[in-house]
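Biologist: Before we discuss the assembly, I would like each label we use to be argued from its criterion. Could we look at the structure together and proceed in that way?

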Amino acid sequence: MAGFANKYKRLKKSTRTNISAYGLVIILFVVALTMQSTGAISNSLSGQLVPICTYIVMALSLNLTVGFLGELSLGHAGFMSVGAFSGVIAAVSLQSSMGSGPLLLLVAMIIGGLFAGIAGLIIGIPVLRLRGDYLAIVTLAFGEIIKNIMNCLYVGVDMGGLHFSLKSVNDLGMENGKIIINGPQGAVGIPKLATLTAGFILILFALFIVLNLINSKTGRAVTAIRDNRIAAESVGIGVTKYKLTTFIISAVLAGMAGALYAMNFSTVAAKKFDFNTSILILVFVVLGGMGNIVGSIVATTILYMLPEILREFADYRMLLYAIVLIIVMIATNSEKAIQFRDSVMAKLSSKKRKSQNDSETKEAVNNE
Amino acid sequence: MNMTLVSNLINGISLGSVYAIIALGYTMVYGIAKMLNFAHGDVIMVGAYMCFCSMTYLSLPPIVSILIAMVVCTLLGVIVEVLAYRPLRKASSLAVLITAIGVSYLLQNAALLIWGSAPKTFSSVVPFGSVSLFNGDLIITGESIVTVAACVVIMICLTVFTKKSRMGKAMRAVSEDKDAAQLMGINVNKTIAITFAIGSALAAIAGVLLCSAYPALTPTTGSMPGIKAFTAAVFGGIGSIPGAMIGGVLLGVIEIFSKSYISSELADAIVFGVLIVVLLVKPTGLLGKKITEKV
Amino acid sequence: MKMFKKAAAFALAVTMLGTCLAGCGSSSESSGSGDGGNGSSSALKIGGIGPVTGAAAIYGQAVKNGAQIAVDEINEKGDLQFELKFEDDENDAEKSVNAYNKLKDWGMQVSLGSVTTQPCIAVSTEINNDHIFALTPSASSTDVLGGQPDADGNVSIARKECMFQMCFTDPNQGVASATYIKEKNLGSKIAVIYNNSDAYSTGIYQKFKAKAKELGLDIVCAKTFTDDSANDFTSQLNEAKDAGADLLFLPIYYTPASMILAQANKMKYEPKIFSVDGMDGILTLDNFDKSLAEDVMLLTPFTADATDDLTQNFVKTYKEKYEDTPNQFAADAYDCVYAIYEAAKKASVTADMSASDICDKLIAEFTSSDFTFSGLTGNNVSWSDTGEVSKEPKGMVIKNGVYVGM
């Protein structure tokens, strides 16, 4: 055991992150799946599993923008929205020819990711020219614009294909068609395709993409840009290219998560993907630690479950949630709290070292 | 001359003036503490509730009620600053942002528990009614006149205050360079607290004016005007006092005009679209300072 | 440093998981002993979902309170006992499904669906899959029920057999409004202002528009607003005024409606105003200047000023308990619980039956031709197997601050 721990410590830092991230996800999945199949899980928790999966992917993808690219995005729910609606359109219109199975879900997620990626490209080109809080406000603005347009979007399908309108159902000009998206009423009657396994596979996929990106040449360039843009530029790193690539990948992942999200509920409306949802995901990322992959996964899981656990407090539930949020932020970020933590740590580690030394000497004695 | 056009323009300026007063609070706090105080919109809501309660339940005259609202909001602003934001002075700006969002949730849910979810109808604090011009073709409400006047007066006072007074100079010094200001003997914490106090008092006034013009008061009254005012502050160049004023008024006018002449469905998208275009042309807003890069 | 962070995160995760499991455990225990006080293990468990916090909190709280009053009254009668648990969904489909799952853990046997339309569409699918009987007080879209043809006559959602509605459906209201306006000849030029970020409002408008066209009514201007811009209505009102509209149709809830009335008054624009059941409640707004709502016409099944004993008792109890005047949401919720009670008694449902058995019995009872129900929101109300309620909306007009029949 000790030998294994030592070996683990000697591994490269990136490898360690990979192992712990994949390991955590696989363990959580196996536990959840066994609990679900043996019925040892409450309906409440069971129902939360797919949303948690989608939010984990959202957090991973936002972490790419905020943690690694170092740009604050306040409109990430917009990409989720694009992914959700394009995924729904794909799923409903292909349902008759493909049947409703995992393949349809896969196609819906790919199309959701594709369109979110296109939105990411369109938004990324202007946005990434700005910096700091100005960039943040423009992402907020794009999030609101996407919400507003989706709210006016009417989509239907008939024998002649897809019909779009920004005015009303009657303007679709369909003959005997089926309405897929009905403006503010959103999409209804979505086939429920999402499963825990699909969520798990999507998380693994997102992890694969994110971890590989970070450890690739692009990832190192992005980190260099984040830490010192001017220095990075001066050694010939193409800032815009790398930033845009990362931003689009982040949007694609968000779009896939959005499609999965939509397929878990029989209805989805544009209102859901508002500023508050963007902020919610940002809270997951910040509390999990910027650029910390494992942290994002853990924080999302806990913070998603927190309001559900607080249901026992009825009317005081959201008040308590707010208080917990503030206290956690201060406890993890304030100078005094950090000093206190370090002093406790110092004491603990000195003790640990001592005991470790003791055991080592004992071992040495025993060996002799 | 088309009277509807004029009427829309006046309504736009009036709505924009409310945004402007809220935006002043955002801009001052941002300029000095370099933080996006997302709870600002909810301070507006608290101010409006305080004014409502003292007018309706205690039957106090409007002026006294406004003063009470200002005092309560000032205290609230300072308390939030000391308890929630001060410990995070050296932390990353994102940590402060999330804390501000936590404070925003806290205020909204506390208001929900105290005042309930049913909307309260706010009685206007403006003692006179509408003014009718051109045989009733053009009607200007008393609230519009008072709001625009209040906005102009507040902006002038704030500009003079920051330019001339000792405290104002301290504020500018802190906003330029916190550490250098401290070395010059300026109490940074006190200066920031006072900024929050002024911003929150302005929020109270904004809340009262907002609810006088649009009289349904609920615990979420402040959130959307808050976000729009934040947009206005960025629009005008965040950190700049005249910028907040111009940004707010322009935003109000664009909002009303796009509702009337383009599409009421897509009005919000148009407002934010204009913001994006402005920021692409002038990346620091209309009156924002150019950021010089340190190498 | 790093180690500590990880250790802390892990510890946090463990405690959370612990509290979660403990929470689940304690909730199942407490349900046995009963939260409502007079509930017991032999009580039929009714679950309600709705926004108790957030911007739509007023509707959820009204339903929660109205249903609780009915449950308390029924429990005093001493025969069939009820126990009510109400969960918050913040008017969000995702949280509504979470709340529904929580209620299922509690052992819910009959559901009140969800209060608002969009969350209820999501919840109704789950309800139908689990075969639990549900009667929603207020989610008015036909998508909640399923099985209804859309504009082109296609049925895109299959009928959800366990879902029933207590309120009128949106199309029903739109059609009824247009017919009413035509029959009583209330206006020649109609302007509409509706909330296009709201399913309820848009749903009514779309049917109103179709029916108005059929009847030859002239809609001169239709303007929208969203929840994000529900403050300033001057531009919409200016447009209506310029178009010369003499009747303003407002298929919206009363909070934005109160602002429209105030702003129209300030603009000295005085069209006739016609509205739907969402307008009910405007007179109970705290501090509202009732003269603004003078002559406003609306279609609503319930008014708090009605003089019959049932309404007066209900309003009195509501005021005593919650210090507020009930609106139609509270009345519909009250009726829901009583309708379930009467049907359950007729079908001899007992608290020890499984949710699925109860569902079969209640569906049979509700759709049977001899089951009618009289309550706050209508007399001799019956249900068809489409899940829709048949009751007549009453035309009301506000005179001197009270509702008078039209």
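Modeller: Let us begin with chains B and C, keeping in mind that this is a predicted model. Their contact takes 31 residues from chain B and 32 residues from chain C.

Biologist: What makes a residue of chain B count towards the contact with chain C, and which elements of chain B supply at least two such residues?

Modeller: The criterion is that two C-beta atoms, placed from the backbone, lie within 7 Å. On the side of chain B that touches chain C, at least two residues each come from helix H1 (3–33), helix H4 (93–115), strand S1 (120–121), helix H10 (241–262) and helix H11 (267–281) of chain B. The largest share of that side, 5 residues, is supplied by H1(B). By residue class, the side of chain B that touches chain C divides into 11 nonpolar, 16 polar and 4 charged residues.

Biologist: How many residues of chain A are in contact with chain C, and how do they divide by class?

Modeller: Here 41 residues of chain A are in contact with 43 residues of chain C. Helix H3 (43–68), strand S3 (178–182), helix H12 (293–309), helix H13 (317–333) and helix H14 (335–367) of chain A each give at least two residues to the side of chain A that touches chain C. That side of chain A comprises 14 nonpolar, 18 polar and 9 charged residues.

Biologist: What is the make-up of chain A and of chain C taken singly?

Modeller: Chain A comes to 14 helices and 5 strands, and its C-alpha trace spans about 90 × 60 × 40 Å along the principal axes. Of its 368 residues, 51% count as buried. Chain C has 11 helices and 15 strands, and buried residues make up 59% of its 406 residues. Among contacts in chain A between residues at least 6 apart in sequence, 76% join residues at least 24 apart, while in chain C residues 24 or more positions apart account for 70% of the contacts with a separation of 6 or more.

Biologist: Why are S1(A) and S2(A) called paired strands?

Modeller: Pairing requires at least two bridges between two strands. Strand S1 (residues 154–158) and strand S2 (residues 161–165) of chain A are joined by 5 bridges and run antiparallel, so the criterion of at least two is met. In S2(A), His163(A) is the bridge partner of Gly156(A). S1(A) and S2(A) form a hairpin, with 2 residues between them.

Biologist: How do you know that S12(C) and S13(C) pair as well?

Modeller: Strand S12 (residues 378–383) of chain C and S13(C) have 2 bridges in the antiparallel sense, and because at least two are required, they count as paired. Trp383(C) stands opposite Val389(C) in S13(C). These strands belong to an open sheet of 3 strands in chain C, with the order S11-S12-S13 and antiparallel pairing. Strand S11 (373–375) and strand S13 (389–390) of chain C stand at the edges, each with a single partner strand, so one side of each has no neighbour in the sheet.

Biologist: How do you know that the length of H3(C) agrees with what a helix should span?

Modeller: Helix H3 of chain C (residues 93–106) has 14 residues, which at 1.5 Å a residue should span 20 Å, and because its end C-alpha atoms are 20 Å apart, the two agree. H3(C) is mostly covered, with 13 of its 14 residues buried. Just after H3(C), Gly107(C) takes a positive phi of about 105 degrees.

Biologist: Where does the largest nonpolar core lie with respect to the domains of chain C?

Modeller: The domain assignment of chain C gives domain 1 (39–168 + 320–390) and domain 2 (171–300), with 29 Å between their centres, taken over C-alpha atoms. Their contact takes 9 residues from domain 1 of chain C and 11 residues from domain 2 of chain C. The largest nonpolar core has 357 residues, and those with the most contacts inside it include Val57(A), Val88(A), Ile21(B) and Tyr334(C). H1(B) gives the most to this core, with 16 residues. Both domain 1 and domain 2 of chain C give residues to this core, so the core lies between them.

Biologist: Which residues is Val88(A) in contact with, leaving aside its neighbours within four places in sequence?

Modeller: Val88(A) is then in contact with Ile180(A), Ala187(A), Ile190(A), Ala262(A) and Val268(A).

Notes:
Residues are numbered from 1 along each chain as its sequence is written. Chains are lettered from A and ligands numbered from 1 in the order in which they are written. This is a predicted model: local features need pLDDT of at least 70, side-chain atom pairs count only at pLDDT 80 or more; totals for chains, interfaces and linings use all residues. Helices (H or I, at least four residues) and strands (E, at least two) are DSSP runs, numbered from the N terminus. Ala, Val, Leu, Ile, Met, Phe, Trp, Tyr, Cys and Pro count as nonpolar, Asp, Glu, Lys and Arg as charged, and the others, Gly among them, as polar. Domain bounds come from an automatic or database domain assignment. A nonpolar core is a set of buried Ala, Val, Leu, Ile, Met, Phe, Trp, Tyr and Cys residues joined through C-beta atoms within 7 Å. A residue is buried if 20 or more other C-beta atoms lie within 10 Å of its own, exposed if 12 or fewer, and partly exposed in between; C-beta atoms are placed from the backbone. The expected span of a helix is 1.5 Å times one less than its number of residues.
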